[in-house]
Amino acid sequence: MSVTTLDPRRRTFLFAAVMVGHLVLISAQVNTKSGVPVLSAVTFGAFAGVQRAGSAVVGAVTGTWRRYFALHQTALENETLKQQVVALGVQLQEQRALAERGRRLELLLKMQSAIPQRTLAADVIAGDASSFFRTVTIDRGTSDGLRADLAVIAPAGVVGRVVGDPASRAARVQLLIDRSAGAGAIVERSRAGGVAVGDGSGLRLEYVSALADVVPGDVVVTSGLDGIYPKGFVIGRVVSVEGAATSRTILVRPTVDFSALEEVLVVLDRPGAGEAGG
Amino acid sequence: MAAAIVLALALQTTVAFTLASQHAAVDLVLIAVVYLALAAGPEAGLLGGSVAGLAQDALAGGVVGVGGLSKSLVGFLAGLVATQFIVAGAAHRFVVFFLASLVNAGCFVGLYRVIDPPGVSASWSALLTQALINALIGILAFRIVEGAPGWWHHRRMRRSALRSRGRI
């Protein structure tokens, strides 16, 4: 018989396999202190570790998967809620706008019933078309009886007048603060007369007597002498009086906020000569 | 290999059993395994030791695997020695058999101590005596196995010569 050997690596593997096999065999027959076979205990312990690791991996995967789905679902819900918030925000704004519009219309209605002239409510549908002019467009026109030089007023005061030829369903209104606009005015307290002239952003009171008593805070109203604006409507309040005698500069702040015009009244009856003289 | 192991087991359970004393017992299976390892190498020693040990365990009624592991280890180590050193002389073989017996006994007893604290007990003198007996029988076995073909041939030659003389 001759000595034959495997290569060292295979030999070591074979040796280890045989040794492990015997150890497993022995373990299967030997009990631990608790009476459980060692093989069962070792196998159970080792397999429990594998099971624990497997369970951890499976748990992590399923947890991640569930969290992903939860996140996905949450993202969808979040998107839906955001859309609802936006829709509710818009709805709230609409309700507020409606309430504000109702309040303004109520004021207009009161004003309309308070003044003797015939008036027509109109909505401002467009603003300045050019920065050089201060005009707005309203949704009433010739079909509603509008024509040029009709006075346009608001609850706060005088707005301006209809200029140009109105269309059937729209008309252009020159604001009182336009550089080429003007209105006959008097100081309510001292009854000093003059002309309120626009300067683009505010008003100046011109052609006022050098002896007239005008002080800041005085209320300036329409005089009705221009044949356009009815008498007695508020134009603004004197904010400053500079200079003296004929070179006085009287600045008037309009009572109407021209940047927030929405509803106005068009005075359909032009003031008569008799009224203007009164 | 299988025949040697079966023969060793058969002799162990019959002849050696009856010859075993209270102080020492020969292990013919171990001798067969070491012989196999020295003759065929560590792999043969390992596998032969494993099979023989398991068979011995099964027949002995103890924990199956303890003897198998011990004899596998011994067979492997003896085979390794045979591949690294020239183990042709009787003295060398005696040392191998002797040490193999001690390693086998130490492994066997140690494993039982681990498995079952009371385990099997054996005195040093008994172990040494057994190792000595195993080594002597091992050398004898080598002599018998190695000398048997020559003796058989010599016998045949002698008988044939006697026949030819008688006829003459």
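Here is a friendly exchange about the contacts and salt bridges in this predicted model.

Colleague: What makes the pair Arg11(A) and Glu43(B) a salt bridge?

Modeller: Their side chains come to 3.3 Å, N to O. The cut-off is 4 Å between a Lys or Arg side-chain nitrogen and an Asp or Glu carboxyl oxygen, so the pair qualifies. The count between chain B and chain A is one salt bridge.

Colleague: Which residues of chain B supply 28% of the area that chain B buries against chain A?

Modeller: Chain B and chain A bury about 1,800 Å² between them, with 77% of it on carbon and sulfur atoms. Glu43(B), Leu46(B) and Leu69(B) supply that 28%, more than any other three residues. In terms of contacts, 25 residues of chain B meet 17 residues of chain A.

Colleague: How many residue pairs are in polar contact between chain B and chain A?

Modeller: There are three, with both residues at pLDDT 80 or more. On the chain B side, two or more residues each come from helices H2 (28-40), H3 (42-60), H4 (66-84) and H5 (90-115). H4(B) gives the most, with eight residues. By class, that side has 17 nonpolar, seven polar and one charged residues.

Colleague: Why is Arg10(A) called exposed?

Modeller: Its relative accessibility is 58%, and exposed means over 50%, so the word fits. Arg10(A) also meets Asp7(A) in a salt bridge at 3.6 Å, N to O. Asp7(A), at 36%, counts as partly exposed, because that class runs between 20% and 50%.

Colleague: How do you know that Lys110(A) and Glu106(A) form a salt bridge?

Modeller: The closest N and O atoms are 3.9 Å apart, and the limit is 4 Å, so the pair is counted. Both residues lie in helix H2 (residues 38-114) of chain A, four residues apart, about one turn of the helix. Glu106(A) is partly exposed at 45%.

Colleague: And why does the pair Asp269(A) and Arg118(A) tie together parts that are apart in sequence?

Modeller: Asp269(A) sits in the loop between strand S12 (263-267) and helix H3 (273-277) of chain A, while Arg118(A) is in the loop between H2 and strand S1 (119-126), so the pair links parts 151 residues apart in sequence. The closest N and O atoms of this salt bridge are 3.1 Å apart. With a relative accessible area of 26%, Asp269(A) is partly exposed.

Colleague: Which residues do salt bridges that share partners join into one network?

Modeller: Those are Arg189(A), Asp213(A) and Asp218(A). Over all chains, the structure holds twelve salt bridges.

How values were computed
Residues are numbered from 1 along each chain as its sequence is written. Chains are lettered from A and ligands numbered from 1 in the order in which they are written. This is a predicted model: local features need pLDDT of at least 70, side-chain atom pairs count only at pLDDT 80 or more; totals for chains, interfaces and linings use all residues. Side-chain values use heavy atoms; hydrogens and water are left out. Contact means heavy atoms within 4.5 Å. Buried area is the accessible area (1.4 Å probe) that two parts lose on being put together, summed over both. A polar contact is a pair of N or O atoms within 3.5 Å; within protein, one must be able to donate a hydrogen and the other to accept it, and residues adjacent in sequence count only if both atoms are side-chain atoms. Ala, Val, Leu, Ile, Met, Phe, Trp, Tyr, Cys and Pro count as nonpolar, Asp, Glu, Lys and Arg as charged, and the others, Gly among them, as polar. Buried means under 20% relative accessible area, exposed over 50%, partly exposed in between (1.4 Å probe, protein chains only).
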